[in-house]
Amino acid sequence: SEDVLSKDAGECAICLEELQQGDTIARLPCLCIYHKGQVFLRMDIKFYKVAFMGCIDEWFEVNRSCPEHPSD
């Protein structure tokens with residue numbers, strides 16, 4: 001399901017960027033969370049909007065399981 005992150009939650013296991021408060025995320029049935037929708041990469045003080053699908057969207061283009069729980 002899609003949601004907005006209410007507090008910082010560590011690192012996204014797909015892109016390795018921080019999951020930060022306000023990011024749009026997907027929460028899988030196993031409760032793992034990943035970036036969803038457009039991703040913002042943080043470089044120095046500026047934010048650069050990346051024009052590609054969110055991490056989990058791209059992952060699900062070729063995979064049908066959680067990146068951290070592939071046997072579930």
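1. A residue is called buried when its relative accessible area is under 20%, exposed when that area is over 50%, and partly exposed in between. That scale is used throughout this note on a predicted model. By this measure, 26% of the 72 residues of the protein chain are buried.

2. Confidence comes before detail. The protein chain has a mean pLDDT of 79, with 75% of its residues at 70 or more. Strand E3 has the highest confidence, at 90, while strand E5 (residues 46-50) has the lowest, at a mean of 51. Any reading of residues 46-50 should be set beside that mean of 51.

3. The protein chain holds 1 helix and 5 strands, arranged along the sequence as β-β-β-β-β-α. Among its contacts between residues at least 6 apart in sequence, 26% join residues at least 24 apart. The accessible surface is about 5,100 Å², and carbon and sulfur atoms account for 53% of that surface.

4. How many salt bridges does a search of the whole structure find? The search returns 2. One of them joins the side chains of Arg-27 and Asp-3, with an N to O distance of 3.5 Å. This pair links distant parts of the chain, since Arg-27 belongs to strand E2 (residues 24-27) and Asp-3 to strand E1 (residues 2-4), 24 residues apart. Arg-27 has 31% relative accessibility and therefore counts as partly exposed. Asp-3, at 34%, is also partly exposed.

5. Asp-57 and Lys-36 form a salt bridge as well, and their closest N and O atoms are 2.6 Å apart. Asp-57 sits in helix H1 (residues 55-62), and Lys-36 in the loop between strand E3 (33-35) and strand E4 (39-43), so the bridge ties together parts 21 residues apart in sequence. Is Asp-57 buried or exposed? Its relative accessibility is 18%, so Asp-57 counts as buried. Lys-36, at 22%, is partly exposed.

6. The largest nonpolar core has 12 residues, including Leu-5, Leu-19, Ile-25, Leu-28, Ile-33 and Tyr-34, along with the cysteines Cys-12, Cys-32, Cys-55 and Cys-66. Two or more residues of this core come from each of E2, E3 and H1. Leu-5, one of the core residues, touches Leu-19, Gln-20, Gln-21, Gly-22, Asp-23, Ile-25 and Ile-33, leaving out residues up to four places away in sequence.

7. Asp-23 deserves a separate look. Asp-23 is in the loop between E1 and E2, and its relative accessible area of 13% makes Asp-23 buried. A polar atom of the Asp-23 side chain lies 2.8 Å from the backbone nitrogen of Gln-20. The C-alpha atoms of Asp-23 and Asp-3 are 8.5 Å apart, and the two residues are separated by 20 residues in sequence.

8. Which backbone oxygen does the side chain of His-35 reach? The partner is the backbone oxygen of Glu-18, at 3.4 Å. His-35 is part of strand E3 and is buried, with a relative accessible area of 5%. Beyond its neighbours within four places in sequence, His-35 is in contact with residues among them Cys-12, Cys-15, Glu-17, Leu-19, Asp-23, Ile-25, Gly-54, Cys-55 and Ile-56. Of these contacts, Cys-12, Leu-19, Ile-25, Cys-55 and Ile-56 are also listed in the nonpolar core.

Note on methods. Residues numbered from 1 in each chain as written. Predicted model: local features only at pLDDT ≥ 70, side-chain atom pairs only at ≥ 80, totals over all residues. Heavy atoms only, no water. Salt bridge = Lys/Arg side-chain N within 4 Å of Asp/Glu carboxyl O. Helix = DSSP H or I, 4+ residues; strand = E, 2+ residues; numbered from the N terminus. Buried < 20%, exposed > 50% of the residue type's maximum accessible area, 1.4 Å probe, protein only. Core = buried A, V, L, I, M, F, W, Y, C linked by side-chain atoms within 4.5 Å. Contact = heavy atoms within 4.5 Å. Areas by Shrake-Rupley, 256 points an atom, 1.4 Å probe, with all protein chains shown as cover. pLDDT = per-residue confidence, 0-100. Polar contact = N/O pair within 3.5 Å; in protein donor to acceptor, adjacent residues only side chain to side chain.
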